[in-house]
Amino acid sequence: MLMHTRNTPAIDITDRSRGLREQETFLPYEDDELDATTGEFELSERQALRRVPGLSTELTDITEVEYRQLRLERVVLVGVWTEGTQDDADNSLTELAALAETAGSQVLEGLIQRRNRPDPATYIGRGKVDDLGAVVLATGADTVICDGELSPSQLRNLEQRTKVKVVDRTALILDIFAQHAKSREGKAQVELAQLEYLLPRLRGWGETLSRQTGGSGRGGGAGGGVGVRGPGETKLETDRRRIRHRISRLRREIKSMATVRQTKRARRSRNAVPAVAIAGYTNAGKSSLLNRLTGAGVLVENALFATLDPTTRRATTSDGRLYTLSDTVGFVRHLPHQIVEAFRSTLEEVGDADLVVHVVDGTHPDPEEQVRAVREVLAEVGADRLPELLVINKTDATDEETLLRLKRLWPEAVLVSAHSGRGIDGLREAIEHRLPRPAVEVRAVLPYDRGDLVARVHRQGEVLSTAHLPEGTLLHVRVGQALAAELAPYRAGDRLTSEERVGAGR
């Protein structure tokens, strides 16, 4: 083990909540990644492990303090700033803090180091691990959460050096999904994602498991000698085999459940019912918007990934056409690929939709990054080719300057507030305008004993005009191919009398 003899790092710490600027700088070690020439970053910034102010969880009510002391883990957040601006790095760590609090943790501190790339062995550099350990010891934290996906060796090295549990961003998101999944399909998808994440990171407790050393032998040769010959890490191998078996079983279950979902979609497709999918960043207000548009009664909570299970509700246009609105799982930057794969059958609801209503949080400090992250995931499931209606939500809590900037950035976007109801009528009109129009235009006179067919035309088609004649109901409509075939025996064609034309115009 390399030992470093360094002077005590220079520290200048104040509290932003007291109105002062806060900055902490740790001097570099020799084995940290440095650039001897004038590089992309300033030398002092590249070497610093910078403290991000304002991330500690605020606890004011005494009952909340007592409850969280019993339940919550005390965590320190660590990030590596490799690209973008300082605001981008701070926003990423702020989002990580929100994720940690959603998972049930108390955030004590947030640290960022600027590097060209994460250290392959320890994520933040071997010298900075000692500085991180000092922060963990000073704050009394029991967990470190890293703002990135760590390799098994990085996890192991950080845990050995800091002496506390280390969790990466992927494991944190998976933990939140596990807490919030309610349906059988959602629980199976989350468990599959967790097992796929765990499998390459499974490791044995070396001191308690026998290790194979090459079979029988004599003395300290190839056989290993007395006390070290054994069957190998059989417990670890058994765990891996059981995990692989469980993964296979879960994939079969999810596939069978996906068949049910496909059957429902096929039924809606046969009935020519347009589908609208509500997608967007987590906590952007998708469920609130669904409740406003359809009265669905979906759980609404100011938390990340509060709802995971998709909800589909019917809605009608102003002229009576039926369509469906589906709420989907929320997205987040660097959404783990295990989640995307496990929830692929659910995300296919978006890919098979006729229109994507993309909800953006207008109060977020970086809505452009939210839109980019969502579109990135939509592209993975083939939904980037679909028509998109951008909706900026929470306008009641957004200042006018921000709204003007967003309107200049996305001039076609619809501004709404799901909380107050402002702009909802305009959103309904925008959705109706973008719904696919039935393909076939038909004039038909339906007998009065075919009221069922008239009802289907109103429900599935677009009624252009209607009139009541002695022999039946005259309809001028646009419908799908299947319904047009059923209307064929009743077609009026061009043989309309002047009286019928006047009636059709009413």
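Contact here means heavy atoms within 4.5 Å. The structure is a predicted model.

The chain has 506 residues, 49% of which count as buried, and is built from 17 helices and 14 strands. Its exposed area is about 26,100 Å², with carbon and sulfur atoms supplying 49% of that area. Of the contacts between residues at least 6 apart in sequence, 69% join residues at least 24 apart.

An open sheet of 6 strands has mixed pairing and runs in the order S7-S8-S6-S9-S10-S11. Its edge strands, S7 and S11 (414-415), each pair on one side only. Strands S7 (residues 311-316) and S8 (residues 322-327) pair in the antiparallel sense over 6 bridges. Among the bridge partners are Thr311 with Asp327 in S8 and Arg314 with Thr324 in S8. The two strands form a hairpin with 5 residues between them, and Gly320 in the turn has a positive phi of about 95 degrees.

Two helices that lie across strands of this sheet are listed below.

| Helix | Strands crossed | Angle |
|---|---|---|
| H12 (residues 367-380) | S6 (275-280), S9 (355-361), S10 (388-393) | about 150 degrees to S9 |
| H14 (residues 424-434) | S6, S7, S8, S9, S10, S11 | about 170 degrees to S10 |

Helix H6 covers residues 169-180. At 1.5 Å a residue, its 12 residues should span 16 Å, which agrees with the 17 Å between its end C-alpha atoms. Buried residues in H6 are Arg169, Thr170, Leu172, Ile173, Leu174, Ile176, Phe177 and His180.

Methods
Residues are numbered from 1 along each chain as its sequence is written. This is a predicted model: local features need pLDDT of at least 70, side-chain atom pairs count only at pLDDT 80 or more; totals for chains, interfaces and linings use all residues. Side-chain values use heavy atoms; hydrogens and water are left out. Helices (H or I, at least four residues) and strands (E, at least two) are DSSP runs, numbered from the N terminus. The expected span of a helix is 1.5 Å times one less than its number of residues. Buried means under 20% relative accessible area, exposed over 50%, partly exposed in between (1.4 Å probe, protein chains only). Two strands pair if DSSP finds at least two bridges between them. Accessible areas come from the Shrake-Rupley method with a 1.4 Å probe; for residues, only the protein chains shown count as cover. Axes are lines fitted to C-alpha atoms, for helices over the stretch in contact, and angles run from 0 to 180 degrees between N-to-C directions.
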